[in-house]
Amino acid sequence: MSEQPGPDETTLVQLLRADLPPTRDPLFRIDVLKRRERQRFRRELVVVLTLSPVAALRSVASSLLARVTRTLSRAFVD
Amino acid sequence: MADDDSALIDEIRDGSERAFNVLIDRHQQAVRGFLRRLLADASEADDLAQETFMAAWARPESYRGEASVRSWLCAIAWRKARDAQRAWFRRRAREARWASDVEQIASAPSPESAVVTRALATLPLEQRAALVLCLIHEFSHAEAAGILGAPLGTVKSHVARGKARLLAALGGPV
């Protein structure tokens, strides 16, 4: 603060500080960490759920492509 | 502490869990205390305080070393509180809910404290924020201006007017 508090202001500041959260609160820290882990899990889940169909499609497409290639090469050989 | 804090942010940039834990332990009281005085609901304030620390973990590069780490955290908290209040006003019929919330936060440790809490809740959000930062958390007017993104003169005026209103509510000089 830039000014010296008068007696009334001192009382005011004391009243305003009366119900501050505790200086140390491990439970709050644990809550933050839990929430961060949940968020990380959700993000990873979204990535997995997005990539799984892509991987499945890719696998189907590559097997189809292999079959077409085999058919064509057989046709050419015959 | 300030140099220590900058070092902590450097460690958090490198993904240090230990540094993040220390950051929370060191600044949770200031961030939560600030938000609890801004918002009517203590659980909503703590919720935003958690989001503030998660934002600090996700984007430590947004700390550029121009102000203290505590100022940086309070600035994140301020933006979240302001957005939350805007959303809240959009959602609800403001007067009825606000009045009931004021009653809720007035569950203070003493009658005088309840008077101050009620008077504080009637101040406009930015004025309340300036007052809380300067009176409770001992930020300078310039630091509070940086946190709130407001001109220095506006912050000085907010603090002076807010203080006068609270003192008047307490029955002291205006």
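# Exercises on a two-chain model

At 61% relative accessibility, A:Arg24 counts as exposed. That residue returns in Exercise 2. The structure is a predicted model. Its scores are ipTM 0.79 and pTM 0.78.

## Exercise 1: Survey chain B

Task: Find which elements chain B has, and how much of chain B is buried.

Solution.

Step 1. Check the confidence. Chain B has a mean pLDDT of 88. In chain B, 86% of the residues reach 70 or more.

Step 2. Count the elements. Chain B contains 9 helices and 0 strands. Read from the N terminus, the order is α-α-α-α-α-α-α-α-α.

Step 3. Look at burial. Chain B has 174 residues, and 51% of them count as buried.

Step 4. Look at the contacts with a separation of 6 or more. In chain B, 59% of these join residues 24 or more positions apart.

## Exercise 2: A salt bridge between chains

Task: State which residue of chain B pairs with A:Arg24, and where each partner sits.

Solution.

Step 1. Find the partner. A:Arg24 makes a salt bridge with B:Asp25. The closest N and O atoms are 3.6 Å apart. The cut-off is 4 Å, so the pair passes.

Step 2. Place both residues. A:Arg24 is in the loop between H1 and H2 of chain A. B:Asp25 is in helix H2 (residues 17-38) of chain B. The pair therefore crosses between chains.

Step 3. Compare accessibility. A:Arg24 counts as exposed, at 61%. B:Asp25 counts as buried, at 17%. Buried means under 20%, so 17% qualifies.

Step 4. Recall the general idea. Side chains of opposite charge can pair when their charged atoms come close.

## Exercise 3: Describe the interface

Task: Work out how many residues each chain gives to the contact, and which elements of chain A take part.

Solution.

Step 1. Count residues. Chain A gives 27 residues and chain B gives 37 residues.

Step 2. Read the area. About 3200 Å² is buried between chain A and chain B. Carbon and sulfur atoms give 60% of that area.

Step 3. Find the main contributors in chain A. A:Leu16, A:Phe28 and A:Arg35 lose the most area to chain B. Together they make up 22% of what that side buries.

Step 4. Count the polar links. The interface holds 9 salt bridges. One of them joins A:Glu9 to B:Lys163, with the closest N and O atoms 3.1 Å apart. There are 17 residue pairs in polar contact between the chains.

Step 5. Name the elements. Helix H1 (7-17) and helix H2 (26-77) of chain A each give two or more residues to the side that touches chain B. H2(A) gives the most, with 9 residues.

Step 6. Sort by type. The side of chain A that touches chain B has 12 nonpolar, 3 polar and 12 charged residues.

## Exercise 4: Two salt bridges within chain B

Task: Say where the partners lie in the pairs B:Arg13 with B:Asp10 and B:Arg36 with B:Asp46.

Solution.

Step 1. Take B:Arg13 and B:Asp10. Their side chains meet at 2.8 Å, N to O. Both residues lie in helix H1 of chain B, 3 residues apart, about one turn of the helix. B:Arg13 is partly exposed, at 39%. B:Asp10 is also partly exposed, at 42%.

Step 2. Take B:Arg36 and B:Asp46. Their side chains meet in a salt bridge at 3.0 Å, N to O. B:Arg36 lies in helix H2 and B:Asp46 in helix H3 (residues 42-58), so the pair ties together parts that are 10 residues apart in sequence.

Step 3. Check the accessibility of this second pair. B:Arg36 is partly exposed, at 26%. B:Asp46 is buried, at 14%.

Step 4. Widen the view. A:Asp25, B:Arg32, B:Arg36 and B:Asp46 are linked in a network of salt bridges.

## Exercise 5: Inspect B:Ala77

Task: Decide whether B:Ala77 is buried or exposed, and list what it touches.

Solution.

Step 1. Place the residue. B:Ala77 lies in helix H4 (residues 69-91) of chain B.

Step 2. Read its accessibility. The relative accessible area of B:Ala77 is 0%, so B:Ala77 is buried.

Step 3. List the neighbours. Leaving out residues up to four places away in sequence, B:Ala77 touches B:Val31, B:Phe34, B:Leu35 and B:Thr52.

Notes
Residues numbered from 1 in each chain as written. Chains lettered and ligands numbered in written order. Predicted model: local features only at pLDDT ≥ 70, side-chain atom pairs only at ≥ 80, totals over all residues. Heavy atoms only, no water. Contact = heavy atoms within 4.5 Å. Buried area = accessible area lost by both parts, 1.4 Å probe. Polar contact = N/O pair within 3.5 Å; in protein donor to acceptor, adjacent residues only side chain to side chain. Helix = DSSP H or I, 4+ residues; strand = E, 2+ residues; numbered from the N terminus. Nonpolar A, V, L, I, M, F, W, Y, C, P; charged D, E, K, R; others polar. pLDDT = per-residue confidence, 0-100. Buried < 20%, exposed > 50% of the residue type's maximum accessible area, 1.4 Å probe, protein only.
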